[in-house]
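Could you walk me through this structure? I would like a guided tour that starts with how far to trust the model and then goes through the parts.

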Amino acid sequence: MTIILKEKILKKKFKIAIMGLGYVGLPLAISFAKKGFETTGYDINIKKINGLSQGISDIEDISNDVLRTCLEGGKLQLTTTPTALSSADAIIICVPTPLTESMEPDMSYIQVAVDTIKKNAKKGVLISLESTTYPGTTREIICTAMEEEGFTLGTDFFACYSPERVDPGNKIFQTENTPKVVGGVDHVSKELGETLYSQVIHEVIAVNSTEVAEMSKLLENTFRSINIAFINEMALLCEKLGIDIWETIEASSTKPFGFMKFTPGPGIGGHCIPLDPMYLSWKAKSKNFYSRFIELAHEINHLMPDKMSEHVVETLNQHKKSINGSSVLLVGMAYKENSNDLRESPGLQIFELLRKRGANVAFCDPKAPQFVDEQGGIQYSIPLDYSQFNDYDLVILLTKHDVFDIDKIGKNSQLILDTKDILKNSFEDKKRTYGKVGNQIKPISKEEVQI
Ligand SMILES: NC(=O)c1ccc[n+]([C@@H]2O[C@H](COP(=O)([O-])OP(=O)(O)OC[C@H]3O[C@@H](n4cnc5c(N)ncnc54)[C@H](O)[C@@H]3O)[C@@H](O)[C@H]2O)c1
């Protein structure tokens, strides 16, 4: 059985279905289709499927041209019909794993996906879960549901977990050249998972259980969350001490071993770093284990937007302006550079916090041009017209997309608050100096920028 299935994979006769065509699922579907696998992209969002079927990609890393080539070549089919899964030899789950209001894992998307699979999958199917989740999910949720439906592990179905590491917007590391971990619930599942992913990913690291694979993803992202929290705390401390955190980080980064560079910012965003560690702490609590590192990192990182809004008040005050009634422009609302992803973006929180303090807040983000505010109203980006920047009492730099001309922002703004040291690089390149150094956030005025 294993040999037959492996042969089928190697001959590219294995039919692939991807459930969920978001930041993770769409690039993966494209990778399989490009390699010649018959691939079905299944999503419950009809609007998404309609858009993609017309060759319009909503994911930055996938160009319309690449999408159209896969569609026109017949290797990629898109559907909202679950019965389309019935011919798939492998079903890869890439659905969201958010948190509930009480900050607990919301497993409903995975549950629905598994319900759909068990009703539609054929015998012998390989199921691979890619959604980030707590250790034990593949075995506890997927295997249990399949077995309850009458599928027997090892003959009727195989299951593995392979965490997705995609870093949207990363120009160097994309789906194919990012090493991928895979673990199976048994030896055969592991072997099949390893063989399958090796067809599209340059380096596959097979581990001995799905739990190790699940845990490895949470370890990676918790590591990031904790280190970001640490550097955020150091930034707040340096500010109190009057020391330039950015220069300090550059100095420490010259150590060729034992130091890894992290940089502070206005808070953390996206569907991963703010959420994933909470999956781990939830699982830990179920075993009466309290991870103080995870909780502390969460607390510090989530404090940053508040700290930022306090800085805004202070900065305006220094310039004899009150936050109440002032006009503020947030530049770069997406949580990361060159991405359109607004999920958990600290910019959204800063927007609301400043509004609550009476500021008239606008934003400029050609990548993420609209969002729904806390009151349910739609907020639209102002056009990227630098001459308008001067109309604002304060411009806050949150995320540096490539489309932004920092020089022009500098020249056209009355006052800038830089949350990520965006100005420094730009002005240094042009042999410029700028205002006060020593703070994580540098209030500078146009007059202080000398050419
Ligand atoms: N975004 C990232 O950078 C990233 C990186 C690594 C891992 N992950 C993880 O990957 C998973 C997916 O994240 P994403 O960013 O791609 O999410 P996303 O919201 O961009 O995409 C998820 C897609 O799944 C669809 N969907 C929901 N329920 C479905 C169902 N039952 N059947 C079929 N489709 C369904 C949604 O309509 C949506 O299009 C999450 O667990 C996330 O933590 C994300």
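Here is a tour of the confidence, the ligand shell and three helix pairs.

Let's begin with the ground rules. This is a predicted model, in which local features need pLDDT of at least 70 and side-chain atom pairs count only at pLDDT 80 or more, while totals for chains, interfaces and linings use all residues. Residues are numbered from 1 along each chain as its sequence is written. The score itself, pLDDT, is the predictor's confidence in each residue, from 0 to 100. The chain averages 92, and 94% of the residues score at least 70. Residues 428–444 are a stretch to treat with care, with pLDDT below 50. Where pLDDT is low, the predicted coordinates should not be read in detail.

Now to the ligand. It is surrounded by 28 residues, counted when the C-beta atom, placed from the backbone, lies within 6 Å of the molecule. The closest are Gly20, Gly22, Tyr23, Val24 and Ser131. Helix 5 (residues 108–120) supplies the largest share of this shell, four residues; helices here are DSSP runs (H or I, at least four residues), numbered from the N terminus. By class, the shell holds 15 nonpolar, nine polar and four charged residues. In this scheme Ala, Val, Leu, Ile, Met, Phe, Trp, Tyr, Cys and Pro are nonpolar, Asp, Glu, Lys and Arg are charged, and the others, Gly among them, are polar.

Next, look at helix 2 (residues 25–34) and helix 4 (residues 64–72), whose axes come within 10 Å and cross at roughly 50°. Axes are lines fitted to C-alpha atoms over the stretch in contact, and angles run from 0 to 180 degrees between N-to-C directions. The two helices are therefore oblique to each other, since angles under 35 degrees count as roughly parallel, over 145 as roughly antiparallel, 65 to 115 as roughly perpendicular and the rest as oblique. Ile30, Ala33 and Lys34 of helix 2 meet Val66, Leu67 and Cys70 of helix 4, where contact means C-beta atoms, placed from the backbone, within 7 Å. Five of these contact residues are nonpolar, none is polar and one is charged.

Further along, helix 11 (residues 292–318) packs against helix 12 (residues 346–356) at about 45°, with the axes 9 Å apart. That angle makes helix 11 oblique to helix 12. The contact includes Met304 and Val312 from helix 11 and Ile350 and Leu353 from helix 12. Its residues divide into eight nonpolar, two polar and one charged.

Helix 11 also meets helix 10 (residues 276–286), with axes within 10 Å and a crossing of roughly 145°. Pro277, Met278, Leu280 and Ser281 of helix 10 touch Ile294, Glu295, Ala297 and His298 of helix 11.

Note on methods
Contact = placed C-beta atoms within 7 Å.
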